[in-house]
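Reader: I'm new to this one. Can you put it up and walk me through?

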Amino acid sequence: MAVEIYTGDFDPWEIVRQAEQAIPANARGAASVFVGRMRDFNEDEDVTGLFLEHYPGMTERELERIVAEAEARWPLLGCHVAHRVGDVRPGDALVLVATWSAHRVAARDACSDILERLKHEAPFWKRETLTDGTQRWVEKNTPGF
Amino acid sequence: MTVHVHYFARLREELGRQGDAAELPGDSLTVGELWRHLHQEAPPERLMAAVNQEQASLETPVRDGDEVAYFPPVTGG
């Protein structure tokens with residue numbers, strides 16, 4: 001299990017490739033990966049920049065707790081969560097959740113559960129900058145199910 | 001008792017500061033009572049909180065030396 005916070009751009013697929021090397025090749029029947037990136041639009045407006053604030057210390061603890069609870073619920077062989085903070089540009093990766101298991105249901109359900117809990121429990125906040133320079137805090141995340 | 005308070009995101013901007021160092025009488029109160037003590041009003045709707053970097057509710061007790069954080073709904077991912 002690994003939880004990482006990035007202050008600069010990261011390559012989620014390189015992280016997945018490397019993390020998979022640590023999992024026994026003959027057992028990893030299923031991998032489920034979610035990559036979230038910054039769009040250049042939100043709620044019908046063009047967004048030119050994004051700032052991601054977080055609560056250093058609590059952020060890592062919350063992500064580790066969410067992953068540990070998923071590991072207790074599903075038979076996972078591996079799990080990797082990465083999240084971006086600071087100033088972000090359109091197209092940059094914001095979040096990676098990758099899970100490995102012997103079977104597809106555990107990998108898929110754990111990946112989905114970790115992502116949804118991260119979005120509603122982990123202490124991150126988005127502030128968008130619009131084309132005219134105005135800034136606005138994103139009010140809330142929408143339900144994912 | 002002394003409590004270290006942090007504010008985040010929109011709340012930090014609206015209050016104009018990152019936190020408060022609160023000196024309080026007694027040896028325990030709740031997260032909601034601490035907010036009322038600091039701001040002289042009821043906690044805003046949908047306020048989230050943490051005590052010692054763990055999720056908390058308005059009823060969670062706060063003790064001497066604790067780190068308390070108040071913040072708006074989270075929007076990561």
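Author: Let's start with one residue pair. The bridge partner of H83(A) in β7(A) is V95(A).

Reader: Hang on. How do the numbers and letters work, and what kind of model is it?

Author: Residues count from 1 along each chain as its sequence is written, while chains are lettered from A and ligands numbered from 1 in the order in which they are written. This is a predicted model, where local features need pLDDT of at least 70, side-chain atom pairs count only at pLDDT 80 or more, and totals for chains, interfaces and linings use all residues.

Reader: And what does β7 stand for?

Author: It is a strand label. Helices (H or I, at least four residues) and strands (E, at least two) are DSSP runs, numbered from the N terminus.

Reader: Which strands do H83(A) and V95(A) link up?

Author: Strand β5 (residues 76–84) and strand β7 (residues 93–101) of chain A run antiparallel, joined by seven bridges. Strands pair if DSSP finds at least two bridges between them. V81(A) has V97(A) as its bridge partner in β7(A).

Reader: What pairs with β7(A) in the antiparallel sense over eight bridges?

Author: That is β2(A). There, F34(A) stands opposite V97(A).

Reader: Is β7(A) buried or exposed?

Author: Nine of its nine residues are buried, so β7(A) is largely enclosed by the rest of the structure. Buried means 20 or more other C-beta atoms within 10 Å of the residue's own; exposed means 12 or fewer, partly exposed is in between, and C-beta atoms are placed from the backbone. Across the 145 residues of chain A, 35% count as buried.

Reader: What order do the strands take in that sheet?

Author: The order is β1-β5-β7-β2 in chain A, an open sheet of four strands with mixed pairing. Its edge strands are β1 (2–6) and β2 (30–37), each pairing on one side only. On average, neighbouring strands are turned by 5° against each other, direction ignored.

Reader: Which helix packs on it?

Author: Helix α2 (residues 58–73) of chain A does, touching β1 and β5. Its direction makes about 155° with that of β5(A). Axes are lines fitted to C-alpha atoms, for helices over the stretch in contact, and angles run from 0 to 180 degrees between N-to-C directions. Contact means that the C-beta atoms of two residues, placed from the backbone, lie within 7 Å.

Reader: Zoom out. How many helices and strands are in chain A?

Author: Chain A has three helices and nine strands. Along the sequence the pattern is β-α-β-β-β-α-β-β-β-α-β-β.

Reader: Now chain B. How many residues of each chain are in contact?

Author: 23 residues of chain A are in contact with 14 residues of chain B. On the chain A side, α2, β7, α3 (104–121) and β8 (124–130) each supply at least two residues. α3(A) gives the most, with five residues.

Reader: What order do the strands of the sheet in chain B take?

Author: Five strands form an open sheet in the order β2-β1-β7-β4-β5 of chain B, with mixed pairing. β2 (19–23) and β5 (54–56) of chain B stand at the edges with a single partner strand each, so one side of each is left without a neighbour in the sheet. Neighbouring strands here are turned by 25° against each other on average, direction ignored.

Reader: Which strands pair in the parallel sense there?

Author: β1 (residues 2–7) and β7 (residues 67–71) of chain B do, over four bridges. H4(B) stands opposite E67(B) in β7(B).
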